[in-house]
Amino acid sequence: MNRDPIQAHRDGRERGANILVVGVGGQGVLLISRMLALMGQRQGFEVKQSEVHGMAKRGGIVSSHVRFARRVWSPTISKGEADAIVALEWAEGLRWLDFLKPETGVFIADTRRIVPPFACRNRKPGAAIDYAKESPAEIIDRIPNCYALDATGIAANLGDVRAANTVLLGSLSASFDYPAEHWREILDSTVPKATRELNRRAFDAGRRWTRSGNVEKHSELTAHAAHTSLTTVPASAFELEINAAWCKGCGICDKLCPERCLALNPERI
């Protein structure tokens, strides 16, 4: 099993890379993609990027293809041709695994799960959730270069869960032979000035985690934690708060509410 990510991409300066970034709306998929594109340009590559973000602002699927090389003819990555997949949501990462290069592709994913409402159609206590069943430990066994980390938890410990995408970017950076300071300079030029210090710490934490020798043990622990949080926390432990100022009046929550307790008012709030 290859646990030396830098060696796996030692020739990255010459051949470029095909990178898929996937997740759901609001996680920062496009921000990561932009920074990857800037890194490709900084190395002197031709860069192409393609993205699909549908109903992203309402939690919909987001995917972005980033390709950089001496010459790039197509903006999209074919199946089996991705040098790396960065997944900001566990199930979304699993859906794209057939795009990863066999043996040499790097899979980096946050183990925290965002379970959509339609995955909880059976409301009986203890009912199984219709969500991806594979645990991080199982994926590590299948993929030689798999890094499953609790990026959201790492970001929360640093002060803001929204920096989880930067934690994953730091993890990815360890797989390419580009100077760390180049990544940090691109990070500083892309994120808001007020968040630069936080994002730098998040980037360094992700990079440090991937370079550590405790990857598998940490992955197994986070897999257990994710499984526990999904199957043993009772619904009564949660409280729903509606922020009227943020409502877009789309009606999705009304239609998908499993208890039929939500409805739009005459102002569509």
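How many helices and strands make up the secondary structure of the protein chain? In this predicted model, the count comes to eleven helices and six strands. Of the 269 residues in the protein chain, 45% are buried. Among the contacts with a separation of 6 or more, 64% are accounted for by residues 24 or more positions apart.

A good place to begin is the nonpolar interior. The largest nonpolar core holds 40 residues, and those that touch the most other members are Ile19, Val21, Leu36, Leu149, Leu169, Leu172 and Trp183. Helix H3, which spans residues 29–42, gives the most to this core, contributing six residues. Apart from this core lies another, of 21 residues, which includes Ala87, Tyr131, Ile143 and Ala148.

Leu169 and Leu172 from the list above also appear among the buried residues of helix H7. Ten of the ten residues of this helix, residues 164–173, are buried, and it is therefore largely enclosed by the rest of the structure. The buried set is not restricted to nonpolar side chains by name, since it runs through Ala164, Asn165, Thr166, Val167, Leu168, Leu169, Gly170, Ser171, Leu172 and Ser173.

Trp183 offers a closer view of the surroundings of this core. Leaving aside residues up to four places away in sequence, Trp183 touches Leu36, Met39, Leu169, Ser173, Phe176, Tyr178, Phe203 and Arg207. Two of these residues, Phe176 and Tyr178, are also linked with Trp183 into a cluster by ring pairs. Beside Trp183 in the sequence comes Arg184, which is found in helix H8, residues 180–190. Is Arg184 buried or exposed? Its relative accessible area is 17%, so Arg184 counts as buried, and the cut-off for that class is under 20%. With residues up to four places away in sequence again left out, Arg184 touches Arg200, Phe203 and Asp204, and Phe203 is thus a contact that Arg184 shares with Trp183.

The aromatic pairs deserve a separate look, and the count of them comes to five. One is formed by Trp90 and Phe107, a tilted pair with 6.2 Å centre to centre and 55° between the planes. This pair links distant parts of the chain, as Trp90 sits in helix H4 (residues 90–95) and Phe107 in strand E5 (residues 106–110), 17 residues apart. Trp90 counts as buried because its relative accessibility is 0%, and Phe107, also at 0%, counts as buried too. Elsewhere, an arginine meets a ring: Arg71 lies over the face of Trp73, at 4.6 Å from the ring centre.

Phe107 leads on to strand E5 itself, which is mostly covered, with five of its five residues buried. Val106, Ile108 and Asp110 point one way from the strand, whereas Phe107 and Ala109 point the other way, and all of them are buried. Strand E4, residues 84–87, runs parallel to E5 and is joined to it by four bridges. Within this pairing, Ile108 in E5 is the bridge partner of Val86.

The cysteines come last. How many disulfides does a search of the whole structure find? The search finds zero. Two of the cysteines can be described by their accessibility: Cys146 is at 0% and so counts as buried, whereas Cys261, at 57%, counts as exposed.

Terms used:
Residues numbered from 1 in each chain as written. Predicted model: local features only at pLDDT ≥ 70, side-chain atom pairs only at ≥ 80, totals over all residues. Heavy atoms only, no water. Buried < 20%, exposed > 50% of the residue type's maximum accessible area, 1.4 Å probe, protein only. Helix = DSSP H or I, 4+ residues; strand = E, 2+ residues; numbered from the N terminus. Disulfide = S-S within 2.5 Å. Core = buried A, V, L, I, M, F, W, Y, C linked by side-chain atoms within 4.5 Å. Contact = heavy atoms within 4.5 Å. Phe/Tyr/Trp six-rings, centres within 6.5 Å; stacked < 30°, edge-to-face > 60°. Lys NZ or Arg CZ within 6 Å of the ring centre and 35° of its normal. Pairing = 2+ DSSP bridges.
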